[in-house]
Every structure is written in structure tokens, then in C-alpha cells.
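User: I would like to learn how to read salt bridges, domain interfaces and buried residues in a structural model. Could you take me through them, giving the general idea and then the case at hand?

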Amino acid sequence: MTKADWKYFRTQLLAWYLPERRPMPWKEHRDAYNIWLSEIILQQTRVEQGRAYYERFAETYPTVADLAAADDDAVMKLWEGLGYYSRARNLLRAARMVVAEYGGQFPDTADKLRKLPGVGPYTAAAIASFAFGEQVAVVDGNVYRILARYAGNSTPIDSTPGKKLFAQLATDALGDVPAARFNQAIMDFGALICTPKRASCKECPLSTNCRAFNNGQVYELPVKQKTLKRRDRHFHYLVIKDDADRTIIRQRQGKDIWKDLYEFPLIETVSNEVGTQELAHHPDWPEWLPAAELEFTKRSQVYKQQLTHQTIYVSFHTFRWGLMPGSIENYLLPQNKLLDKFAFPRVITKYIEDKTLLLDLF
Ligand code: SF4
């Protein structure tokens, strides 16, 4: 692609861009805190879903100092349902770092912003350009797609040479026009025109020069080296209640998914075809739980939760345990009616909601 091709690209893109075409609450903001908050919430989340979360966070924690001083559990609870909980943990760590190391002011360059937990090259470039006017182009999945198609380039976007090449193409495309406007424009363009599966090439202001369009390769680009492999996991939750309406839960620890969220005692099996009685002989069955004292009530349907690399199939097995002790090491025994105070993975929240809807509380 020549310099003239990139000049055409940015001129056409900026002429097409109208901020109100895709209204976002954070487009009105130019301060780093609100931009950062919205960018972190929107990573791996659809805009329609992210918007409500962004508004809730911005209202509950109006400044980075408010967020830094927040209780960890309260932040996890507010995040509940958004998934990818490492983002919530990084959100808190980054807010505390901004307060402790930068006196409550966000650093003003993409290079420095990248040192904050959870802030990658894309988010750093977005904050630096929107809040501080730094001349730096954002590069994310949308940008890869638009550039690969416009330039007709089939270098895999997830390879090391591909990442370097597309970062350079993004800089060539940006040229000397204001980065904040260009970055907003290219993101809106990726969401509205040059979309993954149904690109609006006929209405596209770039089509005259677009190599993929002119060569009939729109849906062959961009190219990826690796295709995602998913693995299946089968979870069995023991929902154990006593006569005082207490239920046993614990907080997840370690490196696995859903760290810091709450759950019922868990047994993970290699397939879902396991009878409730068989679970008592499984190595994950808790040592402190005497199977003979439990009265089995019900087994739920199988719930499914799709994560990026894993599909989780979940069955809930309900029991009454009249002789439940006053406390159990590493577990909590809250009253049923207090369960909604805890942050659970989405699949457990869904199960609890279904039970509540049916007035079938265990
Ligand atoms: S012509 Fe089609 S493929 Fe090319 S940039 Fe426009 S929408 Fe994307």
C-alpha cells in the first residue's frame, strides 16, 4: 500500500465518522479514569451489556480514589455476571497503583499506562489518545480486520511478524490526523461497517481502494494461525442445606477459573454421566461430609456456561443435612436469604434465580 492509499483511508474514515452514530456514555468523557473504566469493562464484553456495568461503577466509584478505597468483595459483587473476573481484580490493583504511585493521576503516555495491571497495548493507546491527545493508534481485533481487508494482507494476525506488521499499518493509517478522533472512528467503523460476518461493503466509503473487496476476499481476511481449542469440564455442586436454612458455600482459590467467586462444595468428574450416589465415592467428596447423614432431595437439569477456552457443564445435587455442624473449616454457612450478597459465577446465579422463580428454595 502506498502513502496515498493510507491518506485516502484516513480522509474517508474521518469524513464518515459521526460520534452520535454510536452513542456511548464514555464518549462524553475526556478524563482518563472514566475512559479506563469503560475500556476495562468492555474488554471481552458486548457494548449493550457493558454499558449498564460502566454506569453502575462510575456512579458507585466516581473517582479512582473511591475505587482504590473500595472493599474487594463489594467490587467483585458489582462485577458479578460480567465474567473474566481477573479484570475486576486488575481493576482494583490498577486503581490502588494509580493512587499509591501516581498521586491519584493516571500516567499520561501509552508506555507508562501499560505498566498498570490489566492495561494492554490497546487500552493504553485508547486512554493515551482520548484523554491526553497522544499520537498513537489503537490496534485490536476490529483494527486488525479492517487493515487486513483494506490492505488485502494475509499475514496471520496472531503471529509475531503479524502483530508487528499490523501495528505499523495502523500507524501508517493514522498519519498526522488527531489520534483520538481517528481511533474512535476506526472502532465505530469496525462495529458498524466492516463487521466480521456481514460487512457493508456496498455502503463502505473505503471500497474503491479496498483490496479484499476488489479481490473478493473479504471473508477470508484476517487470517489467524491458531484456531481456538475448547475443553469440556463437568462440575457437580453439592447444595447442602440444614433445618435452619443455612447452605454451605466457599470462596474459590488457586489458579483455576472463577478465582475469588463463591460456590457450593464441588466435585469435578470426567463426564456428566455420574449418579448422585457415586459422587460420595469420588476423591473430591469432602472428608468432613458424612454421606450417610444426607437426605438427597433433587438433581437439577444440566446448566452450561461457555468460557473462552472451556465449556462448563454443571449439575446441582440438593441435600438436607439435619446434623450440620455450627461451622466448617474453609467454608461459610450463610442463611439462604443472604446468598445474594455473595458473588457467584454466572451459572450458579442462574441456578439460584431459577429456584427462586419456582419458589423452590431447596
Ligand atoms: S469494502 Fe468491505 S471489506 Fe473493505 S473496508 Fe469496506 S466494509 Fe471492509
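Analyst: Let us begin with one pair of side chains: Asp 260 and Arg 89 meet in a salt bridge, with N and O 3.5 Å apart. Please keep in mind that this is a predicted model, and that a pair is called a salt bridge here because a side-chain nitrogen of Lys or Arg lies within 4 Å of a carboxyl oxygen of Asp or Glu.

User: How many salt bridges does the rule find across the interface of domain 1 and domain 2?

Analyst: Across that interface the rule finds one salt bridge, and it also finds four residue pairs in polar contact there. On the side of domain 1 that touches domain 2, the largest share, three residues, comes from helix H5, residues 72–79. Sorted by class, this side of domain 1 has three nonpolar, one polar and four charged residues.

User: Where do the two domains begin and end, and what is the area buried between them?

Analyst: The domain assignment gives domain 1 as 3–220 and domain 2 as 231–357, and their centres, taken over C-alpha atoms, are separated by 38 Å. The size of an interface is often given as the accessible area lost when the parts come together. Between domain 1 and domain 2 the buried area is about 840 Å², of which carbon and sulfur atoms give 48%. Counted by residues, eight from domain 1 are in contact with 13 from domain 2.

User: How many salt bridges does a search of the whole structure find, and which parts of the chain does the pair of Asp 5 and Arg 211 link?

Analyst: The search of the whole structure finds 16 salt bridges. One of them joins the side chains of Asp 5 and Arg 211, at 3.8 Å from N to O, and this pair links distant parts of the chain, with Asp 5 in helix H1 (residues 3–16) and Arg 211 in helix H12 (residues 211–214), 206 residues apart. For each partner it is also worth reading the accessibility: Asp 5 counts as buried at 13% relative accessibility, whereas Arg 211 is partly exposed at 34%.

User: What does the salt bridge between Arg 96 and Asp 72 tie together?

Analyst: The side chains of Arg 96 and Asp 72 meet at 3.0 Å, N to O. Arg 96 lies in helix H6 and Asp 72 in helix H5, so the pair ties together parts that are 24 residues apart in sequence. Arg 96, at 31% relative accessibility, counts as partly exposed, and Asp 72, at 41%, counts as partly exposed too.

User: Which residues are linked in a network of salt bridges?

Analyst: The network links Arg 233, Arg 250, Arg 252, Asp 256, Glu 263 and Glu 268. Another salt bridge is formed by Lys 341 with Asp 340, their closest N and O atoms being 3.8 Å apart, and Lys 341 is exposed, with a relative accessible area of 58%.

User: Finally, is Phe 106 buried or exposed?

Analyst: Phe 106 has a relative accessible area of 9%, and it counts as buried because the cut-off for that class is under 20%. Phe 106 is found in the loop between helix H6 (86–102) and helix H7 (110–113). Leaving aside its neighbours within four places in sequence, its contacts include Tyr 33, Trp 36, Leu 116 and Phe 132. Phe 132 is 26 residues from Phe 106 along the chain, and their C-alpha atoms are separated by 10.0 Å.

Definitions and conventions. Residues are numbered from 1 along each chain as its sequence is written. This is a predicted model: local features need pLDDT of at least 70, side-chain atom pairs count only at pLDDT 80 or more; totals for chains, interfaces and linings use all residues. Side-chain values use heavy atoms; hydrogens and water are left out. Helices (H or I, at least four residues) and strands (E, at least two) are DSSP runs, numbered from the N terminus. Buried means under 20% relative accessible area, exposed over 50%, partly exposed in between (1.4 Å probe, protein chains only). Contact means heavy atoms within 4.5 Å. Domain bounds come from an automatic or database domain assignment. Buried area is the accessible area (1.4 Å probe) that two parts lose on being put together, summed over both. A polar contact is a pair of N or O atoms within 3.5 Å; within protein, one must be able to donate a hydrogen and the other to accept it, and residues adjacent in sequence count only if both atoms are side-chain atoms. Ala, Val, Leu, Ile, Met, Phe, Trp, Tyr, Cys and Pro count as nonpolar, Asp, Glu, Lys and Arg as charged, and the others, Gly among them, as polar.
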